[in-house]
Amino acid sequence: NSHADKASFAGQAKFPAVKYITKASDFHKGDKRMYRYIIVDDEPLIRQGTIKKLEPLSDKIACIGEADNGAQAVELVENLSPDFVILDMEMPVMDGTALLSYLSENHPALQLIVISGYKSFDYIKHAISANVIDYILKPFTGEQIQQTVLQALSRLEASESISAKLRLSEEQKEIACYEHDSQLLQNLIL
């Protein structure tokens, strides 16, 4: 909600510093846009394994950060503005349900993917209310996570396409208004 709320989340972290993985590139490969993501899980092996399973999509996506818990994830999202987040539900400091609530309220355009070892109805209910792309149970295959990420990319591309059309629409509207005003002036003068 407020800036103070954001600061309090970041202040709760009692784990190792957030891991940033940004590279010098500006996340474009040639003419193609690279989509950026962060991964949030208190198990380093799960984070590394998930990143490894997503390597076949490395021409489209780049992991720009890792977090041990939700509070660190908030810090990453605020500082790096990723396109999507892959997150666990069961974490210390700030769990997945609190993180989902925060992200869906403060970053509604952010695409969210849940990976969890729990089939908890409460967790799934939170995930649905946060409009997550998928709730994937651990252990999951490379194909499962890749297909879900491709769904996230489709949503992002559709959203960008709509935004571009709206911008074009606004430009066309401005041109039409200018031409109309110009015609009115000519009619007044002549």
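The side chains of Lys-138 and Asp-41 form a salt bridge, with nitrogen and oxygen 2.8 Å apart. Lys-138 belongs to the loop between strand E8 (134–137) and helix H6 (142–189), and Asp-41 to the loop between strand E4 (35–40) and helix H2 (44–53), so the contact ties together parts that are 97 residues apart in sequence. The model described here is predicted.

**Charged pairs**

Both partners of this bridge are buried: Lys-138 has a relative accessible area of 19%, and Asp-41 has one of 0%. Because buried means under 20% relative accessible area, Lys-138 with its 19% falls within that class. The pair also belongs to a wider arrangement, since Asp-41, Asp-88 and Lys-138 are linked in a network of salt bridges.

In the whole structure, 6 salt bridges are found. A further one joins Glu-66 and Arg-47, whose closest N and O atoms are 2.7 Å apart. This pair links distant parts of the chain, with Glu-66 in strand E5 (residues 61–67) and Arg-47 in helix H2, 19 residues apart. Glu-66 is buried at 2% relative accessibility, and Arg-47 is likewise buried, at 8%.

Another salt bridge brings together the side chains of Asp-59 and Lys-60, at 3.7 Å from N to O. Here the residues are partly exposed: Asp-59 has a relative accessible area of 32% and Lys-60 one of 29%. In general, side chains of opposite charge can pair when their charged atoms come close.

Three of these bridges are set out below.

| Salt bridge | N to O distance |
|---|---|
| Lys-138 and Asp-41 | 2.8 Å |
| Glu-66 and Arg-47 | 2.7 Å |
| Asp-59 and Lys-60 | 3.7 Å |

A lysine is also found in contact with an aromatic ring. The charged end of Lys-53 sits over the ring of Phe-140, at 4.5 Å from the ring centre.

**Helix H3 and its surroundings**

Helix H3 (residues 70–80) has 8 buried residues out of 11, so the helix is largely enclosed by the rest of the structure. The buried positions are Gly-70, Ala-71, Gln-72, Ala-73, Val-74, Leu-76, Val-77 and Leu-80. As a general point, an α-helix has 3.6 residues a turn, so residues three or four places apart point the same way.

At the start of H3, a side-chain oxygen of Asn-69 comes to within 3.0 Å of the backbone nitrogen of Ala-71. Gln-72 is located in H3 and is buried, at 2% relative accessibility. A polar atom of the Gln-72 side chain lies 2.7 Å from the backbone nitrogen of Asp-68. Just after the helix, Ser-81 adopts a positive phi of about 50 degrees.

Leu-80, one of the buried residues of H3, provides a spatial link to strand E4. Its C-alpha is 8.9 Å from that of Arg-36, although the two residues are 44 residues apart in sequence. Arg-36 is placed in strand E4 and is buried, with a relative accessible area of 17%.

**Aromatic pairs**

Strand E4 also contributes to the aromatic contacts, as described below for Tyr-37. The structure contains 2 aromatic pairs. In one of them, the ring centres of Tyr-37 and Phe-84 are 5.0 Å apart and the planes meet at 15 degrees, so the pair is stacked. The threshold behind this assignment is that planes under 30 degrees apart count as stacked. Tyr-37 lies in strand E4 and Phe-84 in strand E6 (residues 84–87); the pair links distant parts of the chain, 47 residues apart. Both residues are buried, Tyr-37 with a relative accessible area of 2% and Phe-84 with one of 0%.

Tyr-118 and Tyr-123 form an edge-to-face pair, with 6.2 Å between the centres and 85 degrees between the planes. In this pair Tyr-118 is partly exposed, at 43% relative accessibility, whereas Tyr-123 is buried, at 12%.

**Elements in combination**

Strand E4 recurs in this account: Arg-36 is placed there, and Tyr-37 of the same strand pairs with Phe-84 of strand E6. The loop between strand E4 and helix H2 carries Asp-41, and Arg-47 of helix H2 is joined to Glu-66 of strand E5.

Key: Residues are numbered from 1 along each chain as its sequence is written. This is a predicted model: local features need pLDDT of at least 70, side-chain atom pairs count only at pLDDT 80 or more; totals for chains, interfaces and linings use all residues. Side-chain values use heavy atoms; hydrogens and water are left out. A salt bridge is a side-chain nitrogen of Lys or Arg within 4 Å of a carboxyl oxygen of Asp or Glu. Helices (H or I, at least four residues) and strands (E, at least two) are DSSP runs, numbered from the N terminus. Buried means under 20% relative accessible area, exposed over 50%, partly exposed in between (1.4 Å probe, protein chains only). A polar contact is a pair of N or O atoms within 3.5 Å; within protein, one must be able to donate a hydrogen and the other to accept it, and residues adjacent in sequence count only if both atoms are side-chain atoms. Rings of Phe, Tyr and Trp (its six-membered ring) pair if their centres lie within 6.5 Å; planes under 30 degrees apart count as stacked, over 60 as edge-to-face and the rest as tilted. A charge sits over a ring if NZ of Lys or CZ of Arg is within 6 Å of the ring centre and within 35 degrees of the ring normal.
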